[in-house]
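Got a new structure in front of you and wondering where the labels come from? Let's take a few of them apart.

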Amino acid sequence: MNSALFTSQNHIGDALNIAPAWLAWWTQQRGSGCEIDLVTLPDHVAPLYSVMGVSANVITTMSREEAMERKQYDFVFTFDVAQAFQIGIRDKVHITQAYAKMLRVEISSVKPVCLLDDVSYRGDDIEAGCILVSPFSANCSSRRGKPPNKMLPFAKWEPIVRYLET
């Protein structure tokens, strides 16, 4: 295989769950010299993919369709979070394991993979790649108008906030 195109239009939490399966897939392909392109959102998620351990060209300036018009790919895959959740519910597995099933790879852990460099980040570097923690996520609300389904009570966030302050 010479080239692969991956697409991920996911938010941070869902993107982190992709990492173990994507790294396992890449490890299988490494000997083939496969060039990987990843089309993703032009926001705070793009830097996250750059530290997952996969050697990929992170593309935020074009759509999946535009990338496919520009180049012929041997393998095309979309990290579809809805499909991963369906597989996870059906097979009673973690979403990360569902992504592994979709990619037909084995993973040893569902723990996200992020390989950060040794650079110390300052407050003015936020736009350069830091991830902000938002305990009250508006984008995870149900379609029935219920409160966000991934919102933790403040009592759970309080020790995390204290830790981050140190």
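Here come some questions on labels, each with its answer.

Q: What kind of model is this, and how are residues numbered?
A: It's a predicted model, where local features need pLDDT of at least 70, side-chain atom pairs count only at pLDDT 80 or more, and totals for chains, interfaces and linings use all residues. Residues are numbered from 1 along each chain as its sequence is written, and side-chain values use heavy atoms, with hydrogens and water left out.

Q: Why is Trp 22 called buried?
A: Buried means under 20% relative accessible area, exposed over 50%, and partly exposed in between (1.4 Å probe, protein chains only). Trp 22 has 0% relative accessibility, so it counts as buried.

Q: What makes Trp 22 and Tyr 49 an edge-to-face pair?
A: Rings of Phe, Tyr and Trp (its six-membered ring) pair if their centres lie within 6.5 Å; planes under 30 degrees apart count as stacked, over 60 as edge-to-face and the rest as tilted. By this rule the count comes to 11 aromatic pairs. For Trp 22 and Tyr 49, the values are 6.0 Å centre to centre and 85° between the planes, which fits edge-to-face. The pair links distant parts of the chain, 27 residues apart: Trp 22 sits in helix α1 (residues 12–29) and Tyr 49 in helix α2 (residues 46–50). Tyr 49 is at 1% relative accessibility, so it's buried.

Q: Why are Phe 75 and Phe 77 called stacked?
A: Their planes are 5° apart and their centres 6.3 Å apart, so the pair is stacked. Phe 77, at 10% relative accessibility, counts as buried, whereas Phe 75, at 22%, is partly exposed. Both belong to one aromatic cluster, whose members include Phe 6, Trp 25 and Tyr 99.

Q: How do you know that helix α5 is largely enclosed?
A: Helices (H or I, at least four residues) and strands (E, at least two) are DSSP runs, numbered from the N terminus. In α5 (residues 95–103), 7 of the 9 residues are buried, so the rest of the structure largely encloses it. Among them are Ile 95, Tyr 99 and Leu 103. After α5 comes Arg 104, with a positive phi near 60°.

Q: Why is Leu 164 called exposed?
A: Its relative accessible area is 53%, and the cut-off is over 50%, so the label fits. Leu 164 lies in helix α6 (residues 154–165).
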